[in-house]
Amino acid sequence: KTDEDAFIFAWKTVARDGKVCETGLKNFMSEVAGVSMSVSQIRDLMHYMDANGDGVVSRDDFRMFLEAGALEDIGPKEFMWEPHRKYRARSPQSKGSRVFTEKDKAETEKPPSTPANDRIERAVANYERETWQRLLREEAAVIPNLFARYDKQGKGELDAASFHAMLSQWYDVASFAHCGSLRPADSLAVVAYLRERQAAEGDRTAAGGDTTLPYDLWKVVVDGKFKPVDHLAGGK
């Protein structure tokens, strides 16, 4: 299930007038995810997101896309060949969706085995396998690469200045949610808070007033742990 705070942040960052726009999506991928994409790649991604095929990536389309989860939890066939099957099953009469007819069924059935068809099947299988492995590698590298952009010394940790640089970039992207500026002292307070929460869970390495943020701690925060609202509610 998609984290609601993360969804709202992403949606408000990429959407204009109730739909995902190319500029917002391109900026989000670059500034937040650290991935540079061409205009054609952005348009391909938006076409993929358009679950009901009406030419617009709506709020529901975007949520459906985010709810897909990690690639390893989806599988190559659904991700590459049937990305909208779940949406059609859930909303068969939605705007832009076509009713699955007997003609569609006939067109998706496996063709008879002939030398030519078998060569095509093997080529498609090889393409699927190679592409899927590449996508898995790329997905696995996104988070480490994002951290490495700011870990200039390659120590596996962010000092106070590097963490502030990271937060400042994300803070600018989230300009819709604030009206002030982010000071270095604010970023330092975030590190102190995270270290305090980590120490409260019994991690002795988090004590001692260390102002660096190691990758492992940063990663669990990115994954949704140590939210202030959870702390106030007495959770972890």
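Begin with the whole protein chain coloured by secondary structure, where twelve helices and four strands can be picked out, and keep in mind throughout the tour that this is a predicted model. If you then switch on the surface, the protein chain exposes about 15,200 Å², and carbon and sulfur atoms supply 54% of that area. Buried residues account for 28% of the 236 residues in the protein chain. Contacts tell you how the chain folds back on itself: of those with a separation of 6 or more, 56% are between residues 24 or more positions apart.

Next, select Glu67, which sits in the loop that runs between helix H4 (59-66) and helix H5 (76-81). Is Glu67 buried or exposed, or does it fall in between? Its relative accessible area is 35%, so Glu67 is classed as partly exposed, because that class covers the range between the 20% limit for buried residues and the 50% limit for exposed ones. Now add Phe7 to the selection and draw a distance between the two C-alpha atoms: Glu67 and Phe7 are 60 residues apart along the chain, and their C-alpha atoms are separated by 9.6 Å.

Move on to helix H8 (residues 115-148), and select Trp81, Ile120, Val124 and Tyr127 together, since these residues make a nonpolar surface patch of about 420 Å². Helix H8 gives the largest share of this patch, with three residues. Tyr127 lies in helix H8, and with a relative accessibility of 47% it counts as partly exposed.

Stay on helix H8 and select Glu128, which also has its place there. Which class does Glu128 belong to, buried or exposed? Glu128 is buried, because its relative accessible area is 13% and the limit for that class is under 20%. To see what surrounds this side of the helix, show the residues that Glu128 touches, which are Pro76, Lys77, Met80 and Trp81 when residues up to four places away in sequence are not counted. Trp81 is therefore worth keeping selected for a moment, because it is a contact of Glu128 and is also one of the residues of the nonpolar patch.

Finish at helix H9 (residues 160-173), which has 14 residues and reaches 20 Å from its first C-alpha to its last, close to the 20 Å expected at 1.5 Å a residue. Which residues of H9 are buried? Select Ser162, Phe163, His164, Met166, Leu167 and Val173, and you will have the buried residues of this helix highlighted.

Key
Residues are numbered from 1 along each chain as its sequence is written. This is a predicted model: local features need pLDDT of at least 70, side-chain atom pairs count only at pLDDT 80 or more; totals for chains, interfaces and linings use all residues. Side-chain values use heavy atoms; hydrogens and water are left out. Helices (H or I, at least four residues) and strands (E, at least two) are DSSP runs, numbered from the N terminus. Buried means under 20% relative accessible area, exposed over 50%, partly exposed in between (1.4 Å probe, protein chains only). The expected span of a helix is 1.5 Å times one less than its number of residues. Patches are made of residues with over 30% relative accessible area and no salt bridge: like charges are joined within 9 Å, nonpolar side chains (Val, Leu, Ile, Met, Phe, Trp, Tyr) within 5 Å. Accessible areas come from the Shrake-Rupley method with a 1.4 Å probe; for residues, only the protein chains shown count as cover. A salt bridge is a side-chain nitrogen of Lys or Arg within 4 Å of a carboxyl oxygen of Asp or Glu. Contact means heavy atoms within 4.5 Å.
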